[in-house]
Structures are given as C-alpha cells and as structure tokens.
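Thanks for sharing this one with me. Please keep the picture open beside you and look for each residue as it comes up.

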Amino acid sequence: MTSPATIDKATQTTKATGKRAVGSESNASEGGLVVSVGSNGDFGFEAGVHALAPASRIETWDGTQPKGTGLPLAALRPAFVTFLERNVGQTTWEAYKSEAAVDVLKMDCEGCEWTALREWVDNLCTHQVVVQAHFTPAVLKAGGQAEALLWEMSDSYTLFHAEPNMRCG
C-alpha cells in the first residue's frame with residue numbers, strides 16, 4: 001500500500017515536471033498549446049503548467065477510469081483543462097494537424113507512448129516531449145522498438161531531465 005506521504009511526493013514531482021516543461025524553452029508560458037496524454041485522475045502536471053503559464057491551452061487525453069473514485073475523469077479535472085475522454089493511438093496527432101505547433105507533449109499512458117509517439121513526432125512540430133517510459137511486457141516482446149524510437153528522437157530532442165517514478169518504489 002502506498003502511504004499518503006508517497007502520494008504527496010509523487011504529486012509534487014508531477015507538478016514540478018509540468019513547471020520544468022513550461023519553464024524551459026517552450027512557448028507555453030506565452031499561451032501555447034500543451035497536450036497531456038494520460039492522467040489517471042491526477043492533474044498535477046497540468047496544475048504545474050497552469051501555475052507558470054495560465055494563458056496556455058491545456059488538453060488532456062485519457063480514456064481510462066481511475067481506480068477507487070467511481071467518477072469519470074472529466075469530473076475530476078480542473079476548470080483550466082480541456083478533457084478528452086479518449087485513449088491515444090497512432091492517429092491521435094491528426095487532431096492537431098491544423099496547429100502551427102504543440103509546445104509541450106506529455107505522455108504517461110502505461111505503454112501507449114510506443115504506438116503513438118513515433119507518428120506524433122514524425123507528423124507534428126512539437127517543441128518539447130515529456131515521456132514517462134513504460135517498458136510493458138508487450139514493449140519488451142517487440143524487441144528494441146522502444147529503444148530505437150528514443151535513439152531516433154535523440155537527433156531532434158535533448159534529454160533535459162530524468163527522475164525515478166516515486167510511485168513505483
């Protein structure tokens with residue numbers, strides 16, 4: 001069982017990740033577009049972004065049901081978040097093809113990042129990508145595809161922060 005102190009620490013870390021993403025080299029602080037994939041009812045990343053960049057347009061995609069709440073995720077979202085109750089896939093990027101750019105893309109979707117991320121970065125101008133990498137059994141079975149994607153992305157993106165997932169111990 002996770003202690004409340006661990007959850008608080010994880011939420012603080014998530015909010016800090018949002019602040020780092022906006023406080024870095026993105027245009028989000030000037031009212032840009034931030035797309036957050038996966039929330040599980042925790043809108044800490046979005047809160048961190050909003051704290052530093054209240055003019056940003058923040059859209060969160062998540063088609064899952066949070067455990068233990070009995071509420072749809074849309075009911076848990078802060079007012080400054082546009083919530084799309086859908087899971088992400090290879091064609092999700094098409095929802096943003098009319099945008100000049102996405103300032104920050106955050107993906108924490110328990111494995112969907114490996115099917116959706118390649119198409120996203122191949123087709124959309126995205127200034128920053130924040131990914132919590134999940135190496136699920138399916139990803140590991142596919143053999144070095146996830147590693148290959150990260151290697152390819154290293155040509156266009158620079159790793160600026162890495163940290164352990166405090167929720168996983």
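Here are my notes, as numbered points that go from the whole chain to single residues.

1. **Before you start.** Please keep in mind that this is a predicted model. Every value below is computed from that model, so to speak, on paper.2. **The overall plan.** The secondary structure of the chain comprises 6 helices and 5 strands. Starting from the N terminus, try to trace the elements in the order α-β-α-β-α-β-β-α-β-α-α. Of the 169 residues in the chain, 40% are buried. The exposed surface of the chain is about 9500 Å², and carbon and sulfur atoms supply 52% of it.

3. **Contacts across the sequence.** Take the contacts in the chain with a separation of 6 or more: 70% of them are between residues 24 or more positions apart. Gly 32 and Val 104 give you a pair to look for, with their positions 72 residues apart in sequence and 8.5 Å from C-alpha to C-alpha. Gly 32 belongs to the loop between helix 1 (4-23) and strand 1. Its relative accessible area is 12%, so Gly 32 is buried.

4. **Strands 1, 2 and 3.** Strand 1 and strand 2 run parallel and are joined by 5 bridges. To find the pairing on screen, start at Val 35, whose bridge partner in strand 2 is Glu 59. Helix 2 (residues 44-52) completes a right-handed β-α-β unit with strand 1 and strand 2. Strand 2 also runs parallel to strand 3 (residues 81-84), with 4 bridges joining the two. Here you can look for Ile 58, which stands opposite Val 81 in strand 3.

5. **A question about strand 2.** Why is strand 2 (residues 57-61) described as largely enclosed by the rest of the structure? The reason is that 4 of its 5 residues are buried.

6. **Strands 4 and 5.** These two strands pair in the parallel sense, over 5 bridges. Met 107 has Val 131 of strand 5 opposite it. Together with helix 4, strand 4 and strand 5 make a right-handed β-α-β unit.

7. **The largest nonpolar core.** This core has 23 residues, and Val 35, Val 37, Tyr 96, Met 107, Leu 117 and Trp 120 are those with the most contacts inside it. Two or more residues each come from strand 1 (33-37), strand 4 (102-107), helix 4 (113-123) and helix 6 (145-153). Which element gives the most to this core? Helix 4 does, with 5 residues. Apart from this core lies another one, of 10 residues, including Phe 45, Leu 73, Val 81 and Phe 83. You have already met Val 81 as the residue in strand 3 opposite Ile 58.

8. **Trp 120 and Thr 126.** Setting aside residues up to four places away in sequence, Trp 120 touches Val 35, Thr 92, Trp 93, Tyr 96, Val 102, Leu 105 and Thr 126. Thr 126 sits in strand 5 (residues 126-131). Is Thr 126 buried or exposed? Its relative accessibility is 7%, so Thr 126 counts as buried. The side chains of Thr 126 and Trp 120 make a polar contact of 2.8 Å. Beyond its neighbours within four places in sequence, Thr 126 is in contact with Val 102, Leu 105, Trp 120 and Tyr 157. Val 102 and Leu 105 therefore turn up in the contacts of Trp 120 and in those of Thr 126, with Thr 126 counted as buried at 7%.

9. **Glu 99, in a loop.** You will find Glu 99 in the loop between strand 3 and strand 4. Glu 99 counts as partly exposed because its relative accessibility is 26%. Leaving out neighbours within four places in sequence, Glu 99 is in contact with Leu 33 and Arg 57. The C-alpha atoms of Glu 99 and Leu 124 are 8.5 Å apart, while the two residues are 25 residues apart along the chain.

10. **Asn 40, a backbone angle to check.** Asn 40 lies in the loop between strand 1 and helix 2. Most residues other than glycine have a negative phi. Asn 40, which is not a glycine, has a positive phi, near 50°. With a relative accessible area of 47%, Asn 40 is partly exposed. Please have a look at this residue when you next go through the model.

Technical notes: Residues numbered from 1 in each chain as written. Predicted model: local features only at pLDDT ≥ 70, side-chain atom pairs only at ≥ 80, totals over all residues. Heavy atoms only, no water. Core = buried A, V, L, I, M, F, W, Y, C linked by side-chain atoms within 4.5 Å. Buried < 20%, exposed > 50% of the residue type's maximum accessible area, 1.4 Å probe, protein only. Contact = heavy atoms within 4.5 Å. Areas by Shrake-Rupley, 256 points an atom, 1.4 Å probe, with all protein chains shown as cover. Pairing = 2+ DSSP bridges. Right-handed = clockwise from strand over helix to strand, strands pointing away. Polar contact = N/O pair within 3.5 Å; in protein donor to acceptor, adjacent residues only side chain to side chain.
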